[in-house]
Amino acid sequence: MIFDVLTLFPGMFASPLQESILSRAAKQGLLQVRTHCLRDWAEGKHQTTDDTPYGGGDGMVMKPEPIARALAALKEQTPKAKVLLMTPQGTQFSQRHSKELAKEEGLIFLCGRYEGFDERIRQSLVDAEFSIGDYVLTGGELPAMVMIDAISRHLPGVLGCSSSAETDSFSDGLLEYPQYTRPVEFNGMTVPQILLSGDHGKIAQWRREQQLLRTWQRRPDLLRKIKLSEEDKKTLERLQQSLESDN
Ligand code: 4FV
C-alpha cells in the first residue's frame, strides 16, 4: 500500500511514522508513506498556494491549480490511487471505511489549511471526502495520519501474528469487552473470576455479554446499526432487566 500525502507541512509526518508498528511495517515494505510539499507545484516567486475568497470574508482559500498539478504528477506514479480530501464536511471516517480503503492499491491524502479548498477541487479532482470528527482542526495533516494508522492495521502482516484487526472494537460493530492482566488484585479490585476459570466457552460468552452491555450503555447508536442474533437480543434483555432490578 502506498500512502501519498499532499501537504504544506510534510515535516509533520516525520515522527508519528518513525515509531512502533507503522515504522516497522514501512521497513518491512508492507506500506510506504510518501509526503509531498504542495508548494513544489505552486507558481511565482512566493509559490502561492492560497488566495482571498471570492465574495469576501475572512481567511484564505487553497488555490486549485497547484493541487491539480500535484495530483497529475502523483497519479503518473500511482494511476489507480484514490484521492481523499480531509474536511469537516466529509463522511465520518469509521472502522468500516478503514477496512475498505485498505483494499486500495494507493491512497492520496489532500491535507488542507486555512479556510479550506476551492470548491472546484472537490468537484473535479477528489474521489472521497472524509472527516475524523465534528471539530475544526488547523489542518488536514492529523486526520490523514489518523486514517493512515487505522487503514494500516488492516494490511497483511502489519499487526503481527498476536493480534488482528478482525477482533477489534467495531469489527463486529460492538465496543470491546473489558480487558485485564496481572496482577489479579489491584487497589482492592480483582479480576472477574470467570477469566481465571480456563473455561473458554464461558469466557467467550461473558465477553460477548460485556460487549453488548458496554455498547448498550455507551453507544446505543451502534446497536441500531447492527443485526443482533436472537441469543444476543435475549442476553441484552436479561442484562437490561438485571440492571433495572439493581436500580
Ligand atoms: C478536519 C476534520 C478539519 C478545516 C479547515 C483544516 C480543517 C482546515 N479534516 N476532519 N475535522 N480540517 O478540521 O478532517 O483547512
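**Contacts and pocket of the ligand**

User: How far does a backbone N or O atom of Ile-132 lie from a nitrogen atom of the ligand?

Analyst: Happy to start there! This is a predicted model, where local features need pLDDT of at least 70 and side-chain atom pairs count only at pLDDT 80 or more, while totals for chains, interfaces and linings use all residues. Residues are numbered from 1 along each chain as its sequence is written, and side-chain values use heavy atoms, leaving out hydrogens and water. For the backbone N or O atom of Ile-132 and the ligand nitrogen, a polar contact (for such a pair, N or O atoms within 3.5 Å), the distance is 3.0 Å.

User: Which residue has a polar backbone atom 2.8 Å from an oxygen atom of the ligand?

Analyst: Thr-87 can be set aside, as its backbone N or O atom lies 3.4 Å from a ligand nitrogen. The ligand oxygen has its partner in the backbone of Leu-137.

User: How much of the ligand's accessible area does the protein cover?

Analyst: Accessible areas come from the Shrake-Rupley method with a 1.4 Å probe. On its own, the ligand has 370 Å², and the protein covers 95%.

User: Which strand gives the largest share of the shell around the ligand?

Analyst: The shell holds 17 residues, each with a heavy atom within 4 Å of the ligand. Strands (E) are DSSP runs of at least two residues, numbered from the N terminus. Strand E5 (82-92) and strand E7 (128-131) each supply at least two shell residues. The largest share, three residues, comes from E5.

Technical notes:
Polar contact = N/O pair within 3.5 Å; in protein donor to acceptor, adjacent residues only side chain to side chain. Helix = DSSP H or I, 4+ residues; strand = E, 2+ residues; numbered from the N terminus.
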